[in-house]
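Welcome! Here are some short exercises to help you find your way around a new structure, each with a worked solution.

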Amino acid sequence: MGNVLDFLVANADRCWLLTWEHTWMVLVALVGAISLGVPVGIAITRHEQWAKAILRAANILMTIPSIALFGMLLPLLSLIGHGLGKVPAVIALVLYSQLPIIRNTYVAIKNVPPEIVDAGRGMGMSRWKRMIEIEIPLAIPVIVAGLRTAAVMNIGIAAISAYIGAGGLGVFIQQGIARVYEEMIVAGALLVSVLAVFVDGAMALLESLVTPKGIKIGRKLGS
Amino acid sequence: MNRLLKKTYRFALAIVLLGAGVAIERTGLIAYLSDPYEARYTVRLMEQHLRLVAVSMLMATALGLAVGVVFTRPAFKRYSGIVMYVVGLGQTIPSLAVIALAMSVLGIGFKPAVFALFVYCVLPIARNTLAGITAVPPWIIDAAKGMGMSDRRILLEVELPNAMQVILAGFRIAVVINIGTAALAFLIGAGGLGEHIFTGIQLMRADKLLAGAVPTTLLALVADSLCGLLGLLLIPKGLRLREETV
């Protein structure tokens, strides 16, 4: 254990750099996933006939093992010259995040009590305004819970993406295994675990911050 | 509208299948797998993969169920919150980190890989067993008590069947994660289909890579739907009907 600490101190610069790279990848993927998943989640509450098919498709995506998905994206994306590196990694992360984000958005909006929406209608709100001012604010805690699941999962998958040259903390694990350099392996595993636990805690905090005080929409959807 | 939807859906499915077929042919996957030596090798890797999954799942299911049952008994119930918290924390740890740590502690080969997969898959099963049994409505248990059932019979005939849906959901998550993580077991020398994938990436050979990636994906999808079938077997009829009407 002492050796691991030594390693971390001696390579502090590189640790920060890789942690930052890792976080950056996950962040970019989350932004992409939100801008794709939340609108889709809202759309399928309006068009119920699509809901089942979309959710099932997202579920199938989630079932594909991550390293296999990287593998299948590789020949596909090499057609445009991005078979390795950050592009396939971020694309995979966006795809994996779809199930928790779409499902939670869908369920959250469905669970908004109809009488509140009716009250909005009674106040003369348009459909658009009802969505922006009533449905989305009430749904946000559950949506954030979905984001939390997606973020934690993405940190794990981003670690694997070191094997397709995307960088991030997986690099320590990858190089450590290749060189049988135990301190490096443990340092990488430790850092990526700490990052995941930290992000999980931060998202939990965010979740409780965005929950309106008067309304207790509990975390009905776990991971 | 609905018929149009169905037709578009079928059309899209046909196009996707056709596209996949063309892609498989173009990348040389078919040629690769028709080579008798490579085909046998792939089958062997798949056997290795399945053995990893089967052994670790067996152990994980046994321990996960046991943990879930023990920490819902009255004597240990007060610890269930802590266990749930620890399990939740454990689940946030990335799979690659678990594999890497197993290697640094136990070395390389089949055993460390099975150990890593086992540790990683106990968590969802234990969590869901705990959550499922806790969520059984107390009045059902009261009714069972009123009928004079022993604690053991209440567990086996009332609590577990009622919690089965949730437990199976956990089992399903564990199997799918396990199959995906077993692909990483190659990195610590346990073989499996990951061997094709990682070697294929290193050599930039799409055919070899896909010969690992496609079977792994199919395994995961098949296991996922088999778990759905398992639900039909294990979940009592009455509970299933209620589930559908709600």
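Helices here are DSSP runs of H or I with at least four residues, numbered from the N terminus. With that in hand, B:Ile201 can be placed in helix H9 of chain B. Please keep in mind that this is a predicted model.

**Exercise 1. Describe the two chains.**
Task: Find how many helices and strands chain A has, and do the same for chain B.

Solution, step by step:
- Start with chain A, whose secondary structure comes to 9 helices and 0 strands. From the N terminus on, its elements run α-α-α-α-α-α-α-α-α.
- Its C-alpha atoms fill a box of roughly 65 × 40 × 25 Å along the principal axes. Of the 223 residues in chain A, 46% are buried.
- Now take chain B, with 11 helices and 0 strands. The C-alpha trace of chain B spans about 65 × 60 × 30 Å along its principal axes.
- In chain B, 41% of the 246 residues are buried.
- Finally, consider contacts between residues at least 6 apart in sequence. In chain A, 75% of these join residues at least 24 apart; in chain B, the share is 73%.

**Exercise 2. Look into the core.**
Task: Which residues have the most contacts inside the largest nonpolar core?

Solution, step by step:
- The largest nonpolar core holds 134 residues, and those with the most contacts inside it are A:Leu93, A:Ala159, B:Ile99, B:Ala100 and B:Cys121.
- The element that gives the most to this core is helix H7 (residues 127–160) of chain A, with 16 residues.
- Zoom in on A:Leu93. Leaving out residues up to four places away in sequence, A:Leu93 touches A:Val26, A:Ala29, A:Asn154, A:Ile157 and A:Ala158.

**Exercise 3. Map where the chains meet.**
Task: How many residues of chain B are in contact with chain A, and which helix supplies the largest share of them?

Solution, step by step:
- Count both sides: 37 residues of chain B are in contact with 34 residues of chain A.
- Next, list the helices of chain B that each supply at least two residues to its side: helix H1 (2–26), helix H4 (80–92), helix H5 (95–106), helix H8 (151–182), helix H9 (194–203) and helix H10 (206–234).
- The largest share, 10 residues, comes from H10(B).
- Sort the chain B side by class, and you get 24 nonpolar, 12 polar and 1 charged residues.

**Exercise 4. Follow B:Ile201 and its helix.**
Task: Is B:Ile201 buried or exposed, and what does B:Ile201 touch?

Solution, step by step:
- The cut-off for a buried residue is 20 or more other C-beta atoms within 10 Å of its own. B:Ile201 has 23 C-beta neighbours inside 10 Å, so B:Ile201 counts as buried.
- Not counting residues up to four places away in sequence, B:Ile201 touches A:Gly71, A:Leu74, A:Tyr163, A:Ile164 and B:Leu209.
- Step back to the helix: H9(B) is mostly covered, with 7 of its 10 residues buried. Among them are B:His196, B:Phe198 and B:Ile201.
- The buried residues of H9(B) pack against helix H4 (66–78) of chain A, together with helix H3 (36–70) and H10 of chain B.

**Exercise 5. Examine two positive phi values.**
Task: Where are B:Met204 and A:Val180 found, and how exposed is each?

Solution, step by step:
- As background, most residues other than glycine have a negative phi.
- B:Met204 has a positive phi near 50 degrees and is found in the loop between H9 and H10 of chain B. With 13 C-beta neighbours inside 10 Å, B:Met204 counts as partly exposed.
- A:Val180 also has a positive phi, about 50 degrees, although it is not a glycine. A:Val180 lies in the loop between helix H8 (170–179) and helix H9 (182–210) of chain A.
- A:Val180 has 12 C-beta neighbours inside 10 Å, so A:Val180 counts as exposed.

**Exercise 6. Work out a helix pair.**
Task: At what angle do helix H7 (residues 138–146) of chain B and H8(B) pack?

Solution, step by step:
- The angle is about 160 degrees, and the axes of H7(B) and H8(B) are 11 Å apart. That makes H7(B) roughly antiparallel to H8(B).
- H7(B) passes H8(B) in a right-handed crossing.
- B:Ile140, B:Ile141 and B:Ala144 in H7(B) meet B:Ile154, B:Val158 and B:Asn162 in H8(B). By class, this contact has 5 nonpolar, 1 polar and no charged residues.

Methods: Residues are numbered from 1 along each chain as its sequence is written. Chains are lettered from A and ligands numbered from 1 in the order in which they are written. This is a predicted model: local features need pLDDT of at least 70, side-chain atom pairs count only at pLDDT 80 or more; totals for chains, interfaces and linings use all residues. A nonpolar core is a set of buried Ala, Val, Leu, Ile, Met, Phe, Trp, Tyr and Cys residues joined through C-beta atoms within 7 Å. Two residues are in contact if their C-beta atoms, placed from the backbone, lie within 7 Å. Ala, Val, Leu, Ile, Met, Phe, Trp, Tyr, Cys and Pro count as nonpolar, Asp, Glu, Lys and Arg as charged, and the others, Gly among them, as polar. Axes are lines fitted to C-alpha atoms, for helices over the stretch in contact, and angles run from 0 to 180 degrees between N-to-C directions. Angles under 35 degrees count as roughly parallel, over 145 as roughly antiparallel, 65 to 115 as roughly perpendicular and the rest as oblique. A crossing is left-handed if the near helix is turned anticlockwise from the far one by less than a right angle, and right-handed if clockwise.
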